[in-house]
Amino acid sequence: MKVLIVEDDMIISLVVENMINKLGHNLVGKAASGDEAIELAKEHKPDIILMDIRLKGEMDGIEAVIEIKKHIETAVIYLTGNSDKVNYDRAKATECVDLISKPFTIGELTRSLDLVS
């Protein structure tokens, strides 16, 4: 699967990238902001986006997903450090595949990715 990682914390981004590589998926790009995520998603058309909810810039991950889905058909798994009810409900409204709370294991990520394929 082609995977786009959207995460503004560089260390977490690298950890997720290593997990994706270990699982044999193809990383097509990494973004730290919503605007960057939208551009990369339109350019690479990933099968799945691993999206942090809190991002650099004005736009959060949920807003970025809403914009991305206007342009391409893709699956989304949210990675979040704050799974409060409001953000959970907003994320679910975007028809995401799953919402994983940080920190998470490669096993949890595998289970979520298996929901896509």
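**Ala64 and the salt bridges of the model**

Setting aside neighbours within four places in sequence, Ala64 makes contact with Gly34, Ile38, Met51 and Met59. The structure discussed here is a predicted model, and Ala64 offers a convenient place to enter it. This residue sits in helix α3, which spans residues 61-68. Ala64 counts as buried because its relative accessibility is 0%. Ala37 is a further useful reference point: the C-alpha atoms of Ala64 and Ala37 lie 7.1 Å apart in space, although 27 residues separate the two in sequence.

From this buried alanine, attention can turn to the charged side chains. The model holds 7 salt bridges in total. One of them joins Lys30 to Glu17, with 2.6 Å between the closest N and O atoms. This pair ties together distant parts of the chain, since Lys30 belongs to strand β2 (residues 26-31) and Glu17 to helix α1 (residues 10-22), with their positions 13 residues apart. As for exposure, Lys30 has a relative accessible area of 31% and is therefore partly exposed.

A salt bridge within a single helix is found at Lys42 and Glu39. Here the closest N and O atoms are 4.0 Å apart. Both residues lie in helix α2 (residues 34-44), and because they are 3 residues apart there, about one helical turn separates them. What of their accessibility? Lys42, at 31%, is classed as partly exposed, and Glu39, at 48%, is likewise partly exposed. The value for Glu39 falls short of the limit for an exposed residue, because that class requires over 50%.

Glu67 and Lys70 form another of the salt bridges, their closest N and O atoms being 3.2 Å apart. The partners of this bridge fall into separate accessibility classes. Glu67, with a relative accessible area of 26%, is partly exposed, whereas Lys70 reaches 59% and counts as exposed. The cut-offs make the assignment clear: partly exposed covers the range between 20% and 50%, so Glu67 belongs there, while Lys70 is above the upper limit.

Beyond these pairs, salt bridges also occur as a network, in which Glu7, Asp52 and Lys102 are linked.

Taken together, the picture pairs a buried alanine in helix α3 with charged side chains such as Lys30, which is partly exposed, and Lys70, which is exposed. The bridges described include one that connects strand β2 with helix α1 and one that stays inside helix α2.

Key. Residues numbered from 1 in each chain as written. Predicted model: local features only at pLDDT ≥ 70, side-chain atom pairs only at ≥ 80, totals over all residues. Heavy atoms only, no water. Helix = DSSP H or I, 4+ residues; strand = E, 2+ residues; numbered from the N terminus. Buried < 20%, exposed > 50% of the residue type's maximum accessible area, 1.4 Å probe, protein only. Contact = heavy atoms within 4.5 Å.
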